Amino acid sequence: MERQTQAVLLDAFGTLVELEPPWERLAPALGVDVARARAAFLAEMAYYREHSHEGTDGASLEGLRERCAEVLSSHLGEEVSVEAMMESIRFRAFDDAAPALRELRACGMRLVCVSNWDYALGDVLDRAGLGGLLDGVTTSAQVGAGKPDPAIFREALEIARSEPGEALHVGDSPEADVSGARASGIRALLIDRAGGGDIATLAELPAHL
């Protein structure tokens, strides 16, 4: 018999939070074309995704951000300081995130964000107004392995005090989130707000518990 769900694990970027276009802030600040700034930021974002696990503490995160600013500057052809880059990068919670987390908590769920991110994800979620709605956060930087590696899911389960069969994971990546969770014995749902996933909004989650 299937175990009752006790915990919900949630991806961060693309699931709980979205990125406000940073190029729209940086371009006017530097007096450059928005399209150029966008292309440069996409290169920086790709670099960050590959190296986010390296930001394990304050010093290493500072070094990672310096390297990201160098990538951004190189692709833009303009010198961009870490401060200017970070001022341009802002995350906001999806409109469905906070209401869904509140409803899940009301259902008795333990909620853990599990994400391929540097160690400061908790601060990002706090600024987005979601930190107080979660029971814990675990990142690839803290664990030393990112999704779909089972290690990060094991850490999330420990925080949630749940067994794999008692948890549900939700994310927007078929490989990292869905395949990764299922390989760890965790039921998983793909969220795709454009359609084509298991759910299109976090508001649908309670029906899948």
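# Close-up views of a predicted model

**View 1. Helices α2 and α3 cross with their axes within 8 Å of each other.** This is a predicted model, and we start where α2 meets helix α3, residues 58–76, at a crossing angle of roughly 145 degrees. The handedness of this crossing is right-handed. Who touches whom? From α2 come Arg 36, Ala 37, Ala 40, Phe 41, Ala 43, Glu 44, Tyr 47, Tyr 48 and His 51, and they meet Leu 64, Arg 67, Cys 68, Val 71, Leu 72, His 75 and Leu 76 of α3. Sort the residues of this contact by class and you get 11 nonpolar, 2 polar and 3 charged.

**View 2. Helix α1 packs against helix α2.** Here α1 covers residues 23–30 and α2 covers residues 34–51. Their axes sit 9 Å apart, and the packing angle is about 125 degrees. How do the two helices lie relative to each other? With that angle, α1 and α2 are therefore oblique. Their crossing is right-handed. On the α1 side, look for Trp 23, Leu 26 and Ala 27; on the α2 side, the contact is made by Val 34, Ala 37, Arg 38, Phe 41, Leu 42 and Met 45. The class count for this contact is 8 nonpolar residues, no polar ones and 1 charged. Ala 37 and Phe 41 may ring a bell: these α2 residues also turn up in the contact with α3.

**View 3. Cys 68 and Cys 113 sit with their sulfurs 19 Å apart.** A disulfide is a covalent bond between the sulfur atoms of two cysteines. How many disulfides does a search of the whole structure find? The count is 0. For Cys 68, the closest cysteine sulfur belongs to Cys 113, and 19 Å is too far for a bond, because a disulfide needs the two sulfur atoms within 2.5 Å. Look from the other end and the story holds: Cys 113 is in no disulfide, and its nearest cysteine sulfur is that of Cys 68. Are these two cysteines buried or exposed? Cys 68 is buried, with a relative accessible area of 2%, and Cys 113 is buried too, at 0%.

**View 4. Thr 138 is tucked into strand β5.** The strand runs over residues 136–139. Thr 138 counts as buried because its relative accessible area is 2%, under the 20% cut-off. Which residues does Thr 138 touch, once neighbours within four places in sequence are left aside? The list is Cys 113, Val 114, Ser 115, Val 143, Ile 152, Glu 155, Ala 156 and Ile 159. So Cys 113, the cysteine from the previous view, is one of the contacts of Thr 138.

**View 5. The loop between α7 and α8 holds Gly 144 and Pro 148.** Here α7 spans 140–143 and α8 spans 150–160. Gly 144 is exposed, with a relative accessible area of 61%. Its C-alpha atom is separated by 8.5 Å from that of Thr 56, although the two residues are 88 apart along the chain. Further along the loop, check the peptide bond from Lys 147 to Pro 148: this bond is cis, with omega near 15 degrees.

**View 6. Arg 161 has a positive phi.** Most residues other than glycine have a negative phi, and most peptide bonds are trans. What is the phi of Arg 161? The value is near 55 degrees, and the residue is not a glycine. Arg 161 lies in the loop between α8 and β6, the latter being residues 167–171. Arg 161 is exposed, with a relative accessible area of 59%.

Methods. Residues are numbered from 1 along each chain as its sequence is written. This is a predicted model: local features need pLDDT of at least 70, side-chain atom pairs count only at pLDDT 80 or more; totals for chains, interfaces and linings use all residues. Side-chain values use heavy atoms; hydrogens and water are left out. Axes are lines fitted to C-alpha atoms, for helices over the stretch in contact, and angles run from 0 to 180 degrees between N-to-C directions. Helices (H or I, at least four residues) and strands (E, at least two) are DSSP runs, numbered from the N terminus. Angles under 35 degrees count as roughly parallel, over 145 as roughly antiparallel, 65 to 115 as roughly perpendicular and the rest as oblique. A crossing is left-handed if the near helix is turned anticlockwise from the far one by less than a right angle, and right-handed if clockwise. Contact means heavy atoms within 4.5 Å. Ala, Val, Leu, Ile, Met, Phe, Trp, Tyr, Cys and Pro count as nonpolar, Asp, Glu, Lys and Arg as charged, and the others, Gly among them, as polar. Buried means under 20% relative accessible area, exposed over 50%, partly exposed in between (1.4 Å probe, protein chains only).
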